[in-house]
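Please open the model in your viewer and keep the selection tool at hand. The tour below goes from enclosed spaces to a site on the surface.

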Amino acid sequence: MNKLFTKSTVALAVLVMIWGISWPIYKLSIVYAPPLLFSGMRALLGGCFIVLLMIRLRDRLQWRQHWRKYGISALFNTVLFFGLHTIGLHYLPGGLFSVLVYFQPVLLGLFAWMWLGESMTATKITGLLIGFIGITVVSVEHFTTQISILGVILGVLTAFFWAIGVAYVKKVSEEVDAYWMVAMQFTIGGVVLLVLSAVTESWSAIEWHPMYLFGLGFGATMGIPVAYIIYYSLIRAGEASKVAVFTFLVPVISVFISTVFVGEPMTHTLWVGLLLVVVSICFVNYHKKETIHADGYK
């Protein structure tokens with residue numbers, strides 16, 4: 001078992017806390033603006049924020065060599081993931097939609113094995129499935145009978161495209177600067193989402209409510225720049241599937257936060273789901289110790 005307190009685990013803790021907080025914030029904010037406009041605005045603002053921080057290191061951008069990579073990442077990680085994610089929240093309860101979206105770690109573990117050459121053991125597969133069962137248990141009480149088929153499709157597609165996007169970023173991580181990858185994928189993707197919103201939505205539909213402004217500001221600072229720089233740095237440094245399994249904690253934290261602020265009771269299913277997620281993390285990060293015999297053979 002890896003050491004409990006390392007820079008990576010601290011970074012993962014910060015990441016899952018930011019994303020866990022994001023779910024209720026975005027759910028409360030999205031009612032005040034059309035989905036593509038909200039997605040595009042926070043993506044573009046977040047990307048531009050990183051560009052401003054990185055402008056002195058613009059030589060690392062290498063636009064001519066890597067513009068295709070930036071474009072592909074923007075397509076999967078911003079246009080498709082952010083766009084479908086925000087639209088999907090209109091069609092399904094937050095609990096059910098989070099379960100569908102967080103099938104992503106299972107898909108990412110599969111794609112990392114297929115495309116990145118990462119190991120895929122029975123223990124790791126078991127851990128990923130236990131984690132998915134855990135977030136299902138956590139979210140089951142937040143399901144309603146109003147289940148939209150379109151919403152389910154959007155949730156599954158969101159998980160699928162997110163997994164592809166992250167696997168792609170991992171694949172090209174040795175070639176492209178991580179900070180510029182985050183900056184470009186959200187700047188380009190934000191512009192595309194705003195162009196699409198201009199065709200299907202209206203700026204006059206935005207209600208500049210304090211909650212909307214707070215959600216927009218949170219997404220443009222913590223939700224995108226800080227969270228995704230941490231996420232891609234961790235993906236680049238370690239196995240994608242091991243990093244991904246920690247994101248099973250995000251829906252759990254989201255439900256905990258909603259419980260605290262809305263005053264909902266702490267249920268047994270919440271604790272059972274949390275336990276399952278913790279067990280899944282242990283499974284995926286488990287390393288079987290090999291014994292060395294006196295003759296030098298394992």
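In this predicted model, the count comes to 2 cavities of 30 Å³ or more, and the largest cavity is a suitable place to begin, with about 170 Å³ of space inside. Select Trp19, Tyr26, Phe81, His85 and Tyr228, which, among the 14 residues of its lining, lie nearest the centre of the largest cavity. Next colour helix H1 (7-29), helix H3 (63-88) and helix H9 (210-237), the elements that each give two or more residues to this lining; the largest share, 4 residues, comes from H1. By residue class, the lining of the largest cavity divides into 10 nonpolar, 3 polar and 1 charged.

Now move to the second largest cavity, which holds about 60 Å³ of space, and select Val169, Ser173, Val176, Asp177, Ala178, Met181, Tyr232 and Arg236, the residues that line it. Helix H8 (178-200) and H9 are the elements that give two or more residues to this second lining, whose residues divide into 5 nonpolar, 1 polar and 2 charged.

Finally, turn to the surface and select Leu110, Trp113, Met114 and Trp115, which form a nonpolar patch with about 420 Å² of accessible area together. Within this patch, look at tryptophan 115, which lies in helix H5 (residues 104-115). Is tryptophan 115 buried or exposed? Tryptophan 115 counts as partly exposed, because its relative accessible area is 41%, a value that falls between the cut-offs of under 20% for buried and over 50% for exposed.

Terms used
Residues are numbered from 1 along each chain as its sequence is written. This is a predicted model: local features need pLDDT of at least 70, side-chain atom pairs count only at pLDDT 80 or more; totals for chains, interfaces and linings use all residues. Side-chain values use heavy atoms; hydrogens and water are left out. Patches are made of residues with over 30% relative accessible area and no salt bridge: like charges are joined within 9 Å, nonpolar side chains (Val, Leu, Ile, Met, Phe, Trp, Tyr) within 5 Å. Accessible areas come from the Shrake-Rupley method with a 1.4 Å probe; for residues, only the protein chains shown count as cover. A salt bridge is a side-chain nitrogen of Lys or Arg within 4 Å of a carboxyl oxygen of Asp or Glu. Buried means under 20% relative accessible area, exposed over 50%, partly exposed in between (1.4 Å probe, protein chains only). On a 1 Å grid over the protein atoms alone, a cavity is a set of points where a 1.4 Å probe fits but cannot get out, and a pocket is an open set with protein on both sides within 12 Å along at least five of seven lines; lining residues have an atom within 4 Å of a point. Grid points are joined across faces, edges and corners, and a volume is the space filled by probe spheres set on the points. Ala, Val, Leu, Ile, Met, Phe, Trp, Tyr, Cys and Pro count as nonpolar, Asp, Glu, Lys and Arg as charged, and the others, Gly among them, as polar.
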